[in-house]
Amino acid sequence: MTRICVQGWRGISHSYAMVNQFQLLELARRGGLALTHQDMPFYDDNWSATTCSAGFPAAATRALAAIPSSTGERPDVLYRITFPYRFSGADAGKVVVFGTAEHQHLRDDMVDAAHRVAGDIAIITPSHWSKEGFIRFGFPESWVHVVPHGVDPALFYPLTQQERAQARSAIG
């Protein structure tokens, strides 16, 4: 059984937190994984679950809360979905970091210096556009993997004509 520890943000609607939470839900559905999570300090002191809630349905919120916290046991894979991008300080078989290079550009303050050290490292990014930014920064192309974001059709679907009319009326 593969032991995966995910480090990231839960309970808020920041884009990286949403990626983290949807990926946690998907990983929890799969078999053959010993999944744990480590909540990381929010990047911004103004972020909180009360001011920017993720807005998940109750069942998804319960499923996210049911993922056990990391016990500190060495995982096979440490998957970081936070910012800035951190490759160092990991006691894991493999370090995987989610990130985006939205302008096909990264700055030194966005990435820790350990990225220049060879190791069992992978980068997950949602587009080929973003992948190009990581390569331009100096990451080997073999480290950067494109995994497009998906859509949960149970949560995101076209509104009926009546729902659309109600929504438009509600926002004027």
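I began with strand β1, residues 2-8, and found that seven bridges join this strand to β2, the two running parallel. Within this pair, I noted that isoleucine 4 stands opposite leucine 35 of β2. I keep in mind throughout that the model is a predicted one.

Next I followed the sheet as a whole, which is open and consists of six strands in the order β2-β1-β3-β4-β5-β6, with parallel pairing. I looked up which strands lie at the edges, and these are β2 (33-39) and β6 (144-146), each of which pairs on one side only. From one strand to the next, the twist averages 20 degrees.

I then turned to the helices on the sheet. Helix α1, residues 15-29, packs on the sheet with contacts to β1, β2, β3 (77-81) and β4 (94-98), and its direction makes about 155 degrees with that of β2. Helix α3, residues 128-137, lies across β5 (121-125) and β6, and runs at about 175 degrees to β6.

My last entries concern the interior. The largest nonpolar core has 41 residues, and I listed Val6, Tyr85, Phe87, Leu106, Val111, Phe134 and Phe139 as those with the most contacts inside it. Two or more residues of this core come from each of β1, α1, α2 (58-65), β3, β4, β5 and α3, and the largest share, six residues, is that of α1.

I singled out tyrosine 85 and asked which residues it contacts when its neighbours within four places in sequence are left aside. The contacts of tyrosine 85 are Tyr16, Val97, Phe98, Gly99, Thr100, Leu106, Met110, Val111, Asp112 and Phe134.

Terms used:
Residues are numbered from 1 along each chain as its sequence is written. This is a predicted model: local features need pLDDT of at least 70, side-chain atom pairs count only at pLDDT 80 or more; totals for chains, interfaces and linings use all residues. Side-chain values use heavy atoms; hydrogens and water are left out. Two strands pair if DSSP finds at least two bridges between them. Helices (H or I, at least four residues) and strands (E, at least two) are DSSP runs, numbered from the N terminus. Axes are lines fitted to C-alpha atoms, for helices over the stretch in contact, and angles run from 0 to 180 degrees between N-to-C directions. Contact means heavy atoms within 4.5 Å. A nonpolar core is a set of buried Ala, Val, Leu, Ile, Met, Phe, Trp, Tyr and Cys residues joined through side-chain atoms within 4.5 Å. Buried means under 20% relative accessible area, exposed over 50%, partly exposed in between (1.4 Å probe, protein chains only).
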